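Biologist: Please take a close look at the ligand site in this model. Which residues surround the ligand, and what does each contact look like? Add whatever backbone and salt-bridge details are worth a check.

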Amino acid sequence: MSNSRTGVPVEAPRYLEGRLHWYGCDLHETAGLYETPAHVGCTEAVRDSLEAFRTPFRSAGLPAEVRYSVKTNPLPAFLEALRLQGTGFEVCSNHELDLVNRMGIRGEKIVATGLRDGFSFAVRAGEIGVEMLTVATEGQLQTIVRENGELPDRFPLALTICPELLRGRWDLTLNTGAKGAATGFRPGSALLEEAMSAIAAHRKLELVGLHMHIGSGIRSAAPYRKGIKALERIISTAAQFGQSIRIVDIGGGYGLKSAPVLGAWKIVSSLLGPGGAPSAAPSADSILADVTQALADSFARLKRQGICPEKVIAEPGRIVSGPCQLLLLTVVDVIDRGQGSRFLLCDGGSMAISPMLMTEGHRVLSVIEPDGDLLRYRVLGNMPTSLDRVSASALLPMMHPGDRIAVLDTGAYFISMNNTFSGPRPPVIWIENGQARLARRRETDAEVFSRDLEPGSTTGKESSP
Ligand SMILES: Cc1ncc(COP(=O)(O)O)c(C=O)c1O
């Protein structure tokens, strides 16, 4: 069932006949079959998550299209499940461009971001015929203006705007849109005016859009409202000078209620404290309904001035992919220090699996239904340091070595930021119609070592085998 308020109607795993199930799949059995640590994703979760994301845009009457941010989860099985639901993609490197190109995604469904890979990325984007390339700095624009030779005519550009938001001292969520952020053209600045004039005057370039991407894990609509107002003012001014902006791209950044990004202070204090407080669930409901309303209001004001942008692009990452994956781990040791200080050591934590386990609060469940009192545990990976975190505080039944747990909502940045700290990376199991299959096999030791060269065996130039 879709719910425009929560934005995340993905089924939560639940107990059936004493075992944790997710979309019809027995997670206890799956953990035994494939061994742990293992990521587990699900096609039906992708369908539900995406529908929940799209619903508020639709309800607000916005002509919106999703360009999923590939860096958030570049797993082909996951991207394919999104493609089947009709999304396009946001890519920021030649590597990501290749990935979506191999999947057969047409250029007009691809937004290319920045020049991280230099001008060759713009050339590739031009060849593929992307919807637009967003540029976020004067240097990036100068490169394109200077080296435009290989670009097709009317190459579509969008400027990334930084709305200069104020952010709290310990807030880690408003990075890219905050005052002092490195990139993004500032509203009302001479640099923005010059950038718009330079594109207008260029025979090959066309300014089709404005873009913002203000951060990640954001829990309130207020920063989006400020950003949308800034975009509206720029669109309105541009129209007075005869420049019509067709596309308004509001980026991603929406926080996931069930796995919040923690404040810097909370991260530090939970490293120092013996048990750590449980992660407070954010009180705010989904912000999407408010953001889409603000956007619809903005479009209505522009329309009254005779300005009608054709399309809204949303580049969600975390909010769409987060709930589509979970992580299965096995308990390797249980330590009880008395006075309620209990630790579980598992076969993966923030060091070996992903640093996201350090900066986000994730729910942890036993794959076997608890039948007694629940105990509070601090859950760590296999490095006995608080830096190797799974959860600062989890309520679980009495646990023993060999027991399995599921860490929920691990679909965002866990695969793209998966470490090889002390071992190879885990497999990804994929559920569809209640059946589990292997979507990515476990990395082998040989694969981890395969890039190491014997002394003297290098030609002095990087070469692939
Ligand atoms: C340009 C751009 N768009 C969208 C996203 C997705 O962000 P999130 O996962 O916070 O929604 C990112 C992530 O870094 C990004 O860089």
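Modeller: What follows covers the ligand site, then a salt bridge, then the backbone.

The model is predicted, and every distance, area and angle below is computed from it. The ligand has 14 residues around it. Ser216, Gly253, Glu315, Arg318 and Tyr413 are the closest of these. Sorted by class, this shell is made up of 8 polar, 4 charged and 2 nonpolar residues.

Three side chains can be described by their N or O atoms. In Ser216, a side-chain N or O atom lies 2.4 Å from an oxygen atom of the ligand. Tyr413 also faces a ligand oxygen atom, with a distance of 2.7 Å to an N or O atom of its side chain. For Glu315 the partner is a nitrogen atom of the ligand, 2.6 Å from a side-chain N or O atom. With a cut-off of 3.5 Å for a polar contact, the pair at Ser216 qualifies at 2.4 Å, as does the pair at Glu315 at 2.6 Å and the pair at Tyr413 at 2.7 Å. As for burial, the ligand on its own would expose 400 Å², and 89% of that area is buried by the protein. The space that the ligand takes up is the second largest pocket.

Next, the salt bridges. The structure has 22 of them. One of these joins Lys71 to Glu90, where the closest N and O atoms are 3.1 Å apart. Lys71 sits in the loop between strand E5 (64-69) and helix H3 (76-84), while Glu90 belongs to strand E6 (residues 88-91), so this pair ties together parts separated by 19 residues in sequence.

Last, the backbone. The loop between helix H1 (27-34) and strand E4 (38-42) contains Pro37, and the peptide bond leading from Thr36 to Pro37 is cis, with omega near -5°. The loop between H1 and E4 also holds Glu35. Glu35 has a phi near 65°, a positive value in a residue other than glycine. A positive phi is found at Gln339 too, near 50°, and this residue is likewise not a glycine. Gln339 lies in the loop between strand E13 (325-336) and strand E14 (342-346).

To return to the request, the side-chain contacts to check at the ligand are those of Ser216, Glu315 and Tyr413. On the backbone, the points to check include the cis bond before Pro37 and the positive phi values of Glu35 and Gln339.

Key: Residues are numbered from 1 along each chain as its sequence is written. This is a predicted model: local features need pLDDT of at least 70, side-chain atom pairs count only at pLDDT 80 or more; totals for chains, interfaces and linings use all residues. Side-chain values use heavy atoms; hydrogens and water are left out. A residue is near a molecule or strand if one of its heavy atoms lies within 4 Å of it. A polar contact is a pair of N or O atoms within 3.5 Å; within protein, one must be able to donate a hydrogen and the other to accept it, and residues adjacent in sequence count only if both atoms are side-chain atoms. Accessible areas come from the Shrake-Rupley method with a 1.4 Å probe; for residues, only the protein chains shown count as cover. On a 1 Å grid over the protein atoms alone, a cavity is a set of points where a 1.4 Å probe fits but cannot get out, and a pocket is an open set with protein on both sides within 12 Å along at least five of seven lines; lining residues have an atom within 4 Å of a point. A molecule sits in a cavity or pocket if more than half of its atoms lie within 2 Å of its grid points. Ala, Val, Leu, Ile, Met, Phe, Trp, Tyr, Cys and Pro count as nonpolar, Asp, Glu, Lys and Arg as charged, and the others, Gly among them, as polar. A salt bridge is a side-chain nitrogen of Lys or Arg within 4 Å of a carboxyl oxygen of Asp or Glu. Helices (H or I, at least four residues) and strands (E, at least two) are DSSP runs, numbered from the N terminus.
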